[in-house]
Amino acid sequence: MRPVRTAARAMLASIFVVDGVRHLISPEAKVETARAVLDKVGPMLEKLDPRIPTDPRTIVRAKAATDVAAGLALATGHFTRPAAALLAAGLVPTTMVERGDMPTSLLKNLGLLGGLLIAAADTEGRPSLHYRTTHAVGRSQRAVKRAAKAAKREAKIATRSAAIARKLPG
């Protein structure tokens, strides 16, 4: 099962790596798409932090570099869940703005988004973060209860010992 999962991740990641490299080298193809997104969110980005670039060419290159890095991480099995989530987050605005061959482009992006969401949720048979944290909390609570019970028992013994010691002559 593991080789199939690895191959599937590599196939899913390949489109992001190839397109990312292509847009790093020549960002002009996506500048208009980026401009359409930046027209809507640019003022909000400037209010958030004026250091965030709002130049479409810079944004295209930054997204391309992110796609390459996250795609390589997904393909090689390193940080697969965060990489898939990052790629999915970057795919959403692209899907909403792209004009191209609408039905085909939309369906392709939705298929990629579905695959990325599955990859982001896949724990590869290991317990999820939610499971691990809730069980760790439960173990901690039980340990605290045991420690409190032991401390109460020890305090009771110490109290009895002190009472007996006071009754002894000397």
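Colleague: Which side chain meets R22 in a salt bridge?

Modeller: R22 pairs with the side chain of D19, at 2.8 Å from N to O. A salt bridge puts a side-chain nitrogen of Lys or Arg within 4 Å of a carboxyl oxygen of Asp or Glu. Please note that this is a predicted model, in which local features need pLDDT of at least 70 and side-chain atom pairs count only at pLDDT 80 or more, while totals for chains, interfaces and linings use all residues. Residues are numbered from 1 along each chain as its sequence is written, and side-chain values use heavy atoms, with hydrogens and water left out.

Colleague: Where do R22 and D19 sit relative to each other?

Modeller: Both belong to helix α1 (a DSSP run of H or I with at least four residues, numbered from the N terminus). R22 and D19 are three residues apart in α1, so about one helical turn separates them.

Colleague: How many salt bridges does the count come to?

Modeller: The count comes to five salt bridges.

Colleague: Let us change topic. At what angle do α2 and α3 cross?

Modeller: The axes of α2 and α3 cross at roughly 110° and come within 8 Å. Each axis is a line fitted to C-alpha atoms over the stretch in contact, and angles run from 0 to 180 degrees between N-to-C directions. The crossing makes α2 roughly perpendicular to α3 (the label covers 65 to 115 degrees).

Colleague: Which residues meet there, in α2 and in α3?

Modeller: From α2 come E28, K30, V31, A34, R35 and L38, and these meet P56, R57, I59 and V60 of α3. Contact requires heavy atoms within 4.5 Å. The residues of this contact of α2 with α3 divide into six nonpolar, four charged and no polar. Nonpolar covers Ala, Val, Leu, Ile, Met, Phe, Trp, Tyr, Cys and Pro; charged covers Asp, Glu, Lys and Arg; polar covers the others, Gly among them.

Colleague: And how far apart are the axes of α2 and α4?

Modeller: The axes of helix α2 (residues 28–48) and helix α4 (residues 80–97) are 10 Å apart, and the two helices pack at an angle of about 95°. Therefore α2 and α4 are roughly perpendicular to each other.

Colleague: Which residues of α2 and α4 meet?

Modeller: K30, T33, A36 and V37 on the α2 side meet P93, T94 and V97 on the α4 side. By class, the contact of α2 with α4 has four nonpolar, two polar and one charged residues.

Colleague: What does K30 meet in α3 and in α4?

Modeller: K30 belongs to the α2 group that meets P56, R57, I59 and V60 in α3, and K30 is also listed in the α2 group that meets P93, T94 and V97 in α4.

Notes. Angles under 35 degrees count as roughly parallel, over 145 as roughly antiparallel, 65 to 115 as roughly perpendicular and the rest as oblique.
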